[in-house]
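Trainee: I have a structure open in front of me and would like to learn how to read it. Could we go through it together?

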Amino acid sequence: MLGNAMLFLIIAIVAGVLGFSGIAGAASTIAQILFAIFLILFLVSIFTGRRR
């Protein structure tokens with residue numbers, strides 16, 4: 001999941017540099033959503049893993 005977020009971030013940066021603002025905006029939004037989901041799942045796994 002983190003890898004996909006980084007991929008969309010790179011796509012957004014490249015598209016922004018090349019002037020494709022619509023694609024850059026969409027890719028950055030997807031990257032932000034994926035990163036937020038990754039953080040939530042990471043925190044849940046930390047808290048559930050320490051109960052042993």
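Mentor: Happily; we will go from the overall fold to the helices and then to the aromatic rings. Keep in mind that this is a predicted model.

Trainee: Which secondary structure elements does the chain have?

Mentor: A good habit is to count helices and strands before anything else. Here the chain has 2 helices and 0 strands.

Trainee: And how do I judge the overall shape?

Mentor: You can set the radius of gyration beside the value for a compact globule. For 52 residues such a globule would have a radius near 10 Å, but this chain has 14 Å. The box around the C-alpha atoms gives another view: along the principal axes it is roughly 50 × 15 × 10 Å.

Trainee: What share of the residues is buried?

Mentor: Of the 52 residues, 13% count as buried. The accessible surface is about 4100 Å², and carbon and sulfur atoms make up 75% of that surface.

Trainee: How can I check the length of a helix?

Mentor: Take 1.5 Å a residue and compare the expected span with the distance between the end C-alpha atoms. Helix 1 has 17 residues and should span 24 Å; its ends are 24 Å apart, so the two agree. Try helix 2 in the same spirit: its 29 residues, 21–49, should span 42 Å, and the end C-alpha atoms lie 41 Å apart, which agrees.

Trainee: Which residues of helix 1 are buried?

Mentor: They are Ala5, Ala12 and Ala15. Looking down the axis of helix 1, you find these buried residues within an arc of 95°, so they line one face. The face turned away from that buried side carries exposed residues: Gly3, Ile10, Ile13, Val17 and Leu18.

Trainee: What do the buried residues of helix 1 pack against?

Mentor: They pack against helix 2. Now look from the other side: in helix 2, Ala24, Ala27, Ala31 and Leu34 are buried, and the buried residues of helix 2 pack against helix 1.

Trainee: Is glycine 16 buried or partly exposed?

Mentor: Glycine 16 lies in helix 1, and its relative accessibility is 44%, so it counts as partly exposed. You can also compare sequence with space: glycine 16 and alanine 26 are 10 residues apart in sequence, while their C-alpha atoms are 11 Å apart. Just after helix 1, have a look at glycine 19 too, which takes a positive phi of about 100°.

Trainee: How do I describe two aromatic rings that pair up?

Mentor: A pair of aromatic rings is described by the distance of the centres and the angle of the planes. This structure holds 2 aromatic pairs. In one of them, phenylalanine 35 and phenylalanine 38 have ring centres 6.3 Å apart and planes at 35°, so the pair is tilted. These two residues are 3 apart in helix 2, which means about one helical turn separates them. For phenylalanine 38 and phenylalanine 42, the centres are 6.0 Å apart and the planes are at 15°, so this pair is stacked. Here the residues are 4 apart in helix 2, again about one helical turn.

Trainee: Which residues form the aromatic cluster?

Mentor: Phe35, Phe38 and Phe42 form one cluster. Phenylalanine 35 is partly exposed at 39% relative accessible area, phenylalanine 38 is partly exposed at 23%, and phenylalanine 42 is partly exposed at 41%.

Definitions and conventions:
Residues numbered from 1 in each chain as written. Predicted model: local features only at pLDDT ≥ 70, side-chain atom pairs only at ≥ 80, totals over all residues. Heavy atoms only, no water. Expected span 1.5 Å × (residues − 1). Buried < 20%, exposed > 50% of the residue type's maximum accessible area, 1.4 Å probe, protein only. Contact = heavy atoms within 4.5 Å. Rg over C-alpha atoms; globule rule 2.2 N^0.38 Å. Areas by Shrake-Rupley, 256 points an atom, 1.4 Å probe, with all protein chains shown as cover. Phe/Tyr/Trp six-rings, centres within 6.5 Å; stacked < 30°, edge-to-face > 60°. Arc of directions from axis to C-beta.
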